[in-house]
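Colleague: I'd like to know what stands behind the labels people put on this model. Can you take me through a few of them?

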Amino acid sequence: MRPEALLSEVGRRLHTGRHDLGLTMTEVARRAGVSTRYLRMAESGQANLSLLKLASLARALRVPMRELCDLEVGGAPELRCTKPTPRFRSVARTVSKRCG
């Protein structure tokens with residue numbers, strides 16, 4: 001799933017949850033400890049939500065966090081192999097071993 005689609009879907013779920021409870025943006029924002037502007041951006045898929053803010057919003061909507069973010073996101077990004085640099089030699093060695 002593309003990042004934009006992921007944020008849009010989480011936003012849609014926030015919006016639906018708020019409407020299901022009959023709450024205003026102001027009330028949900030107050031309960032979650034975020035600004036109304038931030039909630040508006042989150043519902044429209046424009047805010048890159050942190051886990052803590054997502055948890056606060058889920059609590060304000062009285063839903064488990066998984067209802068907001070249980071999405072199919074596809075496979076993990078590919079691991080890239082690079083030459084070790086002096087600063088990150090041990091990390092690069094570990095990655096090189098994994099990549100062959």
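Modeller: Sure. One definition to start: a helix axis here is a line fitted to C-alpha atoms over the stretch in contact, and angles between N-to-C directions run from 0 to 180 degrees. Keep in mind that this is a predicted model.

Colleague: Fine. Why are helix 2 and helix 4 called oblique to each other?

Modeller: Helix 2 (residues 25-32) and helix 4 (residues 51-61) pack at an angle of about 120 degrees, with 8 Å between their axes. Roughly perpendicular covers 65 to 115 degrees and roughly antiparallel needs over 145. An angle of about 120 degrees fits neither class, so the pair counts as oblique.

Colleague: And which hand does the crossing of helix 2 and helix 4 have?

Modeller: That crossing is right-handed.

Colleague: Which residues make the contact between helix 2 and helix 4?

Modeller: Helix 2 brings Val-28, Arg-31 and Ala-32, and they meet Ser-56, Leu-57, Ala-60 and Leu-61 of helix 4. By class, that contact has five nonpolar residues, one polar and one charged.

Colleague: What is the spacing about, in general terms?

Modeller: An α-helix has 3.6 residues a turn, so residues three or four places apart point the same way.

Colleague: Which residues of helix 4 are buried, and what covers them?

Modeller: The buried ones are Leu-54, Ser-56, Leu-57, Ala-58, Ala-60 and Leu-61. Their cover includes helix 1 (3-21), helix 2, helix 3 (36-43) and helix 5 (65-69). Just past the end of helix 4, Arg-62 has a positive phi of about 60 degrees.

Colleague: Now Glu-43: what makes it count as buried?

Modeller: The cut-off for buried is under 20% relative accessible area. Glu-43, which sits in helix 3, comes out at 11% relative accessibility, so it counts as buried.

Colleague: What is Glu-43 in contact with, once its neighbours within four places in sequence are left aside?

Modeller: Gly-11, Arg-12, Leu-14, His-15, Arg-18 and Met-25. Glu-43 also lies 7.4 Å from Val-10, C-alpha to C-alpha, although 33 residues separate them in sequence.

Colleague: Zooming out, how many helices and strands does the protein have, and what share of its residues is buried?

Modeller: Six helices and zero strands, running α-α-α-α-α-α from the N terminus. Of its 100 residues, 29% count as buried. The accessible surface is about 7300 Å², with 53% of that belonging to carbon and sulfur atoms. Among contacts between residues at least 6 apart in sequence, 52% join residues at least 24 apart.

How values were computed
Residues numbered from 1 in each chain as written. Predicted model: local features only at pLDDT ≥ 70, side-chain atom pairs only at ≥ 80, totals over all residues. Heavy atoms only, no water. Helix = DSSP H or I, 4+ residues; strand = E, 2+ residues; numbered from the N terminus. Parallel < 35°, antiparallel > 145°, perpendicular 65-115°, else oblique. Left-handed = near helix turned anticlockwise from the far one by under 90°. Contact = heavy atoms within 4.5 Å. Nonpolar A, V, L, I, M, F, W, Y, C, P; charged D, E, K, R; others polar. Buried < 20%, exposed > 50% of the residue type's maximum accessible area, 1.4 Å probe, protein only. Areas by Shrake-Rupley, 256 points an atom, 1.4 Å probe, with all protein chains shown as cover.
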